[in-house]
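Here is a note to read beside the structure. Please keep the 3D view open and work through the points in order.

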Amino acid sequence: VQLQASGGGLVQPGGSLRLSCAASGRGFSINVMGWYRQAPGKRRELVAAITRTGSTNYADSVKGRFTISRDNAKNTVYLQMSSLKPEDTAVYYCYADLLRGGTYYTNNYWGQGTLVTVSS
């Protein structure tokens, strides 16, 4: 199973950006998909997560500004980021918790990371 993230870039404060992450491979069923981020010199933190049935969880710092969604048919998760602030600057990593070969994997599958820079 591979996760491919895309959509990062440079955006001005107050702007918007949409991240995507698609999972590919065979023989798996994804339960939770989500995004972490890691800013320079800081620990990786959970940004948002969404279950297969659509239940969501957000970090307090992004509530009301970020929206996570997914397309189960495409095994793809999205992160719509609005009202971006300089403190949102980080490398964003997608992840998936999934069932494969009879084993449930938690925080074991990660995308390659995509850089989001919020600056004027």
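1. **Overall size.** This is a predicted model. Start with the radius of gyration. A compact globule of 120 residues would come near 14 Å, and the protein chain has 14 Å, so the two agree. The C-alpha trace spans about 50 × 25 × 20 Å along its principal axes.

2. **Strand count.** What is the secondary structure made of? The protein chain has eleven strands and zero helices. Reading along the sequence, you get β-β-β-β-β-β-β-β-β-β-β.

3. **Surface and contacts.** The accessible surface of the protein chain is about 6300 Å². Carbon and sulfur atoms own 45% of that surface. Of the 120 residues, 42% are buried. Now take the contacts with a separation of 6 or more: 55% of them join residues 24 or more positions apart.

4. **The core.** Nonpolar side chains tend to be buried together in soluble globular proteins. Here the largest nonpolar core holds 32 residues. Which of its members touch the most others? They are Trp35, Val47, Phe66, Ile68, Leu79, Met81 and Tyr92. Several strands each supply at least two residues of this core, among them S1 (2-6), S3 (17-24), S4 (28-38) and S5 (45-50). The strands S7 (66-71), S8 (76-81), S9 and S11 (114-118) do so too. Strand S9 gives the most, with five residues.

5. **The disulfide.** How many disulfides does the whole structure hold? A search finds one. Cys21 and Cys94 form it, with their sulfur atoms 2.0 Å apart. The link of Cys21 and Cys94 is right-handed, with 55 degrees about the S-S bond. Cys21 sits in strand S3 and Cys94 in strand S9, so the pair ties together parts that are 73 residues apart in sequence. Are these cysteines buried or exposed? Buried means under 20% relative accessible area. Cys21 is at 0%, so Cys21 is buried. Cys94 is at 0% as well, so Cys94 also counts as buried.

6. **Asp97 in strand S9.** Stay with S9, which covers residues 90-100 and includes Asp97. Asp97 has 8% relative accessibility, so Asp97 counts as buried. What does Asp97 touch, leaving aside neighbours within four places in sequence? The contacts are Ile30, Asn31, Val32, Tyr104, Tyr105, Thr106 and Asn107. Trp110 lies 13 residues from Asp97 along the chain, and their C-alpha atoms are 9.4 Å apart.

7. **Strand S11 and its partners.** Follow the side chains along S11; they alternate. Thr114, Val116 and Val118 point to one face and are buried. Leu115 and Thr117 point to the other face and are not buried. Which way does S11 pair with S9, parallel or antiparallel? The pairing is antiparallel, over three bridges. Val91 has Leu115 of S11 as its bridge partner. Strand S2 (residues 9-11) also pairs with S11, in the parallel sense and over three bridges. There, Leu10 has Thr117 as its bridge partner.

8. **Where to look again.** Go back to strand S9 in the viewer. S9 gives the most residues to the largest nonpolar core. Cys94 of the disulfide lies in S9. So does Asp97. S9 also pairs with S11. Trace these four points in turn.

Notes. Residues numbered from 1 in each chain as written. Predicted model: local features only at pLDDT ≥ 70, side-chain atom pairs only at ≥ 80, totals over all residues. Heavy atoms only, no water. Helix = DSSP H or I, 4+ residues; strand = E, 2+ residues; numbered from the N terminus. Buried < 20%, exposed > 50% of the residue type's maximum accessible area, 1.4 Å probe, protein only. Contact = heavy atoms within 4.5 Å. Core = buried A, V, L, I, M, F, W, Y, C linked by side-chain atoms within 4.5 Å. Disulfide = S-S within 2.5 Å. Pairing = 2+ DSSP bridges. Rg over C-alpha atoms; globule rule 2.2 N^0.38 Å. Areas by Shrake-Rupley, 256 points an atom, 1.4 Å probe, with all protein chains shown as cover.
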